[in-house]
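Dear colleague,

I am passing on the structure we spoke about, and I would be glad if you could look through it with the notes that follow.

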Amino acid sequence: TRSTRPQRLLHAVQKNATRGDPRSVINAIDQFCRHKEWAMNVGDEKGCILDSVVSEVNPSTVLELGTYCGYSTVRIARLLPPGAKFITLEFNPKVAKIARQVIAWAGLEDKIQLVEGASGDLIPKMKEQFGVETFDLVFLDHWKDRYLPDTKLMEECGLLKKGSILLADNVICPGTPDYLEYIRNSPRYKSQYFKSHLEYTKVEDGLEKSVFLG
Ligand SMILES: C[C@H](C[C@H]1O[C@@H](n2cnc3c(N)ncnc32)[C@H](O)[C@@H]1O)NC(=O)c1cc(-c2ccc(F)cc2)cc(O)c1O
Ligand SMILES: [Mg+2]
């Protein structure tokens, strides 16, 4: 039977990237997606904005919602200080299996805890099951209609503290209108839009960076 797109992406990494070299894994995925087969990674253009936010926050605790093949997971993990706790959630077991191999190829498996399951089920368990108090940075990149309910869930579970940063992908394409409406009008957040493009295309998209004010 025909391979899946995540499998073909993994093969491109294993063929073109150097084991233990996160930069080469990132480049191999970007080359594959730009020249061979589009895939829904945050990509190189939005990835640079992600890098700058991660470097600026220099987080001790990070949560990623929607691992997919692990592209943004590798981008984030390679910039984290030693001892940082990085949890990434992926709903689809077949995709999670690919992401584990991409992360391993980058040599970053010791910095990342990939948990299979739905964010709505796992977020309430963060404290008891994963020993997390609050998150310094959350990267939202999962089902676009889950951004808002999961943000409210994180607030309710006390996972955000004053200064916690939410960075949301795809706020224009595919779009997260209810999330944008909430986060831009809530007195509990200060938001900033970083205009960019949908990965590997000329279509407008962007990242929304929001600071939780407590
Ligand atoms: C949602 C996906 C990313 C992954 O998220 C996991 N997931 C889901 N819901 C949950 C949960 N509740 N908990 C944990 N994991 C979860 C899933 O299984 C996917 O692997 N991302 C996208 O759909 C996505 C789509 C586009 C896109 C843009 C223009 C087009 F014409 C077509 C597609 C661009 C992007 O940049 C994306 O990010
Ligand atoms: Mg995305």
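Which are the buried residues of α8? Please bear in mind throughout that this is a predicted model. The buried residues of α8 are Tyr-147, Leu-148, Asp-150, Thr-151, Leu-153, Met-154 and Glu-155. Because seven of the 10 residues of α8 are buried, this helix is largely enclosed by the rest of the structure. After α8 comes Gly-158, with a positive phi near 65 degrees, while Cys-157 has a relative accessible area of 23% and is therefore partly exposed, given that buried means under 20% and exposed over 50%.

One of the buried residues of α8, Asp-150, is also touched by Ser-119, which, when residues up to four places away in sequence are not counted, touches Leu-65, Leu-89, Pro-124, His-142 and Arg-146 as well. Ser-119 itself is found in helix α6, residues 119-122, and counts as buried because its relative accessibility is 9%. Although Ser-119 and Leu-65 are 54 residues apart along the chain, their C-alpha atoms are separated by 6.8 Å.

Next, the metal and ligand sites. The magnesium ion (ligand 2) has as its protein donors Asp-141 (OD), Asp-169 (OD) and Asn-170 (OD1), which lie 2.0 to 2.2 Å from the ion, and in sequence these donor residues follow the spacing D-x27-D-N. Asp-141 lies in the loop between β4 (137-140) and α8 (147-156), whereas Asn-170 lies in the loop between β5 (165-168) and α9 (171-175), so the pair ties together parts that are 29 residues apart in sequence. Both Asp-141 and Asn-170 are buried.

Some of the magnesium donors appear again around ligand 1. That ligand is surrounded by 22 residues, of which the closest are Glu-90, Asp-141, Lys-144, Asn-170 and Glu-199. A polar side-chain atom of Glu-90 lies 2.6 Å from an oxygen atom of ligand 1, an N or O atom in the side chain of Asn-170 is 2.6 Å from an oxygen atom of the ligand, and for a polar side-chain atom of Asp-169 the distance to a ligand oxygen is 3.2 Å. Taken alone, ligand 1 exposes 740 Å², and the protein buries 83% of that.

I also looked at Arg-75, whose place is in helix α4, residues 71-77. Is Arg-75 buried or exposed? With a relative accessibility of 1%, Arg-75 counts as buried, and its side chain makes a polar contact, at 2.7 Å, with the side chain of Asp-51. Leaving aside neighbours within four places in sequence, the residues in contact with Arg-75 include Arg-23, Ile-26, Asp-30, Asp-44, Cys-48 and Leu-50.

As for the cysteines, the structure holds zero disulfides. Cys-48, which is in contact with Arg-75, is accordingly in no disulfide, and the nearest cysteine sulfur, that of Cys-33, is 15 Å away.

Lastly, Ser-186 has its place in the loop between α10 (177-185) and β6 (189-197). Ser-186 is buried, with a relative accessible area of 10%, and its side chain reaches the backbone nitrogen of Arg-188 at 3.0 Å.

With best wishes

Notes:
Residues numbered from 1 in each chain as written. Chains lettered and ligands numbered in written order. Predicted model: local features only at pLDDT ≥ 70, side-chain atom pairs only at ≥ 80, totals over all residues. Heavy atoms only, no water. Helix = DSSP H or I, 4+ residues; strand = E, 2+ residues; numbered from the N terminus. Buried < 20%, exposed > 50% of the residue type's maximum accessible area, 1.4 Å probe, protein only. Polar contact = N/O pair within 3.5 Å; in protein donor to acceptor, adjacent residues only side chain to side chain. Contact = heavy atoms within 4.5 Å. Donors = N, O, S within 2.8 Å, 3.2 Å for Na, K, Ca; no water. Near = heavy atom within 4 Å. Areas by Shrake-Rupley, 256 points an atom, 1.4 Å probe, with all protein chains shown as cover. Disulfide = S-S within 2.5 Å.
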